Amino acid sequence: MVAQENRAGRKTPTREELRVWRSYMETTGRLTTLLGSRLQSTSSISVADYEVMLALSEAPEARFRSSELASQMGWERSRLSHHLGRMEKRGLIQRVACADDSRGSEILLTPEGADAFRRCSAPHLRDIRELFVDALTPEQLAGVAKTVDALSAHLDRIESK
């Protein structure tokens, strides 16, 4: 099937391109769901909790301003704020006044949050190996890396317009 132009003059995806797209979406959805359910069942930590804790664990001084954390994670600020409230109630993170801006706050892991992150990371990383890495040859993994890098660079160009 040959790509057809739409009214804006852009080519629509071919049947094969749509098949690849759908396969990609379905497979990444299955992978994400399975990883998330395993993480939740082994540690009571959600994927969203893990993403926040991972970002904080890798941050300079293990803390972020809320707006920086939202940007780093690609989340809307309101979504992050609501999620941080739930994590704070569970004792995983703490909001502290920002030293250089009295209007802002910084987010950091509590000792309980850091411990929960350490405990859930090893099983989660084993699951990533089993469900993702082990499914691919080293050459295929390198191909995935190139593909993801190309997609990311393409999206960066589009978002910067």
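Leaving aside its neighbours within four places in sequence, leucine 56 is in contact with Ala62, Arg63, Phe64, Leu69, Ile93, Ile107, Leu108 and Leu109, where contact means heavy atoms within 4.5 Å. The model is a predicted one, in which local features need pLDDT of at least 70 and side-chain atom pairs count only at pLDDT 80 or more, while totals for chains, interfaces and linings use all residues. Residues are numbered from 1 along each chain as its sequence is written, and side-chain values use heavy atoms, with hydrogens and water left out.

Leu56 also appears, with Ile45, Val52, Leu69 and Leu80, among the residues that touch the most other members of the largest nonpolar core, which has 25 residues. Such a core is a set of buried Ala, Val, Leu, Ile, Met, Phe, Trp, Tyr and Cys residues joined through side-chain atoms within 4.5 Å, buried being under 20% relative accessible area with a 1.4 Å probe and protein chains only. Two or more residues come from each of helix 2, helix 3, helix 4 (77-89), strand 3 and helix 5 (111-131), and helix 2 gives the most, with six residues. Helices (H or I, at least four residues) and strands (E, at least two) are DSSP runs, numbered from the N terminus.

An open sheet of three strands has the order 1-3-2 with antiparallel pairing, two strands being paired if DSSP finds at least two bridges between them. Strand 1 (63-65) and strand 2 (93-98) are the edge strands, each pairing on one side only. Strand 2 and strand 3 form a hairpin with two residues between them, and six bridges join strand 2 to strand 3 (residues 101-109). Two opposite pairs are listed here.

| Residue in strand 2 | Opposite residue in strand 3 |
|---|---|
| Valine 96 | Glutamate 106 |
| Cysteine 98 | Aspartate 101 |

Helix 2 (residues 47-58) lies across strand 1, strand 2 and strand 3, running at about 105° to strand 3, whereas helix 3 (residues 66-73) packs on the sheet, touches strand 1 and strand 3, and makes about 100° with the direction of strand 1. Axes are lines fitted to C-alpha atoms, for helices over the stretch in contact, and angles run from 0 to 180 degrees between N-to-C directions.

The axes of helix 2 and helix 3 come within 11 Å and cross at roughly 110°. The two helices are therefore roughly perpendicular to each other, a term that covers 65 to 115 degrees. Their contact is made by Glu51, Val52, Ala55 and Leu56 of helix 2 and by Leu69, Gln72 and Met73 of helix 3.

Terms used:
Buried < 20%, exposed > 50% of the residue type's maximum accessible area, 1.4 Å probe, protein only. Parallel < 35°, antiparallel > 145°, perpendicular 65-115°, else oblique.
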